[in-house]
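Visitor: I have a structure in front of me and would like to learn how to read it. Could you walk me through some of its features?

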Amino acid sequence: MKYENYIKAEFPSKSVNEAQARSLVGAFVAQLDPTMEELGDLKTAVSEAVTNAIVHGYPDSIGKISLRCRILEDGSLEIVVRDWGKGIPDVEKAREPLYTTGGEERSGMGFTIMESFMDKLTVRSKPGAGTTVVMHRTLPRRGRGR
């Protein structure tokens, strides 16, 4: 699908970069004039996706994470978070609420949270080759800067 605008960023899988990803998405999405609630939802979903990539994609190393946001021609927002890490052996199992491979300190709610804040969530993964999370959300048309 064609797009009206986009951003791309790439950063190391360091936990400090999760906040950078949230901020970047927040600044990009501002052109759509989201409500504070919508903005919070989007930033939380991005935070969950990036944190999953850091914690589960690269549990024992520092790797690369890619973030892309696009405003599609239909007005919807697409956010893609990709890593080239460990991958997920069973995506359906990983999407179950409370399931985690991250130990006791992890809630196992990352995909559930992303899904609750987005209209559509797609997760593609291949063990040893990484994971791609694609999130879509349509916001009401308010300000549409060009």
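**Reading burial, strands and salt bridges**

Guide: Happily! Let us begin with one residue: arginine 68 has a relative accessibility of 26%, so it counts as partly exposed. Keep in mind that this is a predicted model.

Visitor: How should I place that value of 26%?

Guide: Buried means under 20% relative accessible area, and exposed means over 50%. Arginine 68, at 26%, is therefore partly exposed. Glutamate 78 has a relative accessible area of 8%, so it is buried.

Visitor: What does arginine 68 form with glutamate 78?

Guide: The two form a salt bridge, and their closest N and O atoms are 2.9 Å apart. Arginine 68 sits in strand 2 and glutamate 78 in strand 3, ten residues apart, so the pair links distant parts of the chain.

Visitor: Which other side chain meets glutamate 78 in a salt bridge?

Guide: That is arginine 70, with an N to O distance of 2.8 Å. Arginine 70 is buried, as its relative accessible area is 16%. Through shared partners, the salt bridges join Arg68, Arg70 and Glu78 into one network.

Visitor: How many salt bridges are there by this rule?

Guide: The rule asks for a side-chain nitrogen of Lys or Arg within 4 Å of a carboxyl oxygen of Asp or Glu. By that rule the count is three. One of them is between arginine 137 and aspartate 41, whose closest N and O atoms are 3.5 Å apart. Arginine 137 belongs to strand 5 and aspartate 41 to helix 2, so this pair ties together parts that are 96 residues apart in sequence. Both arginine 137 and aspartate 41 are buried.

Visitor: Now the strands. In which sense do strand 2 and strand 3 pair?

Guide: Strand 2 (residues 64–72) pairs with strand 3 in the antiparallel sense, over seven bridges. To find your place on screen, look for leucine 67, which stands opposite valine 81 in strand 3. Three residues lie between the two strands of this hairpin, where glycine 75 takes a positive phi near 90°.

Visitor: How many bridges join strand 3 to strand 5?

Guide: Eight, and these two strands run antiparallel as well. Here isoleucine 79 stands opposite methionine 135 in strand 5.

Visitor: Why is strand 3 described as largely enclosed?

Guide: Strand 3 covers residues 76–83, and seven of its eight residues are buried, so the rest of the structure largely encloses it.

Visitor: Let us turn to a helix. What span should helix 1 have?

Guide: Helix 1 (residues 16–29) has 14 residues, and at 1.5 Å a residue it should span 20 Å. Its end C-alpha atoms are 21 Å apart, which agrees.

Visitor: Which residues of helix 1 are buried, and what covers them?

Guide: The buried ones are Asn17, Glu18, Ala21, Val25, Gly26, Phe28 and Val29. Their cover includes strand 1 (3–12), helix 2 (36–57), strand 2 and strand 3.

Visitor: Stepping back, how many helices and strands are in the chain?

Guide: The chain has four helices and five strands, and from the N terminus on their order is β-α-α-β-β-α-α-β-β. Of its 146 residues, 46% count as buried. Among contacts with a separation of 6 or more, 67% come from residues 24 or more positions apart.

Visitor: And what supplies the area that the chain exposes?

Guide: The chain exposes about 7900 Å², and carbon and sulfur atoms supply 50% of that.

Technical notes
Residues are numbered from 1 along each chain as its sequence is written. This is a predicted model: local features need pLDDT of at least 70, side-chain atom pairs count only at pLDDT 80 or more; totals for chains, interfaces and linings use all residues. Side-chain values use heavy atoms; hydrogens and water are left out. Buried means under 20% relative accessible area, exposed over 50%, partly exposed in between (1.4 Å probe, protein chains only). Two strands pair if DSSP finds at least two bridges between them. The expected span of a helix is 1.5 Å times one less than its number of residues. Contact means heavy atoms within 4.5 Å. Accessible areas come from the Shrake-Rupley method with a 1.4 Å probe; for residues, only the protein chains shown count as cover.
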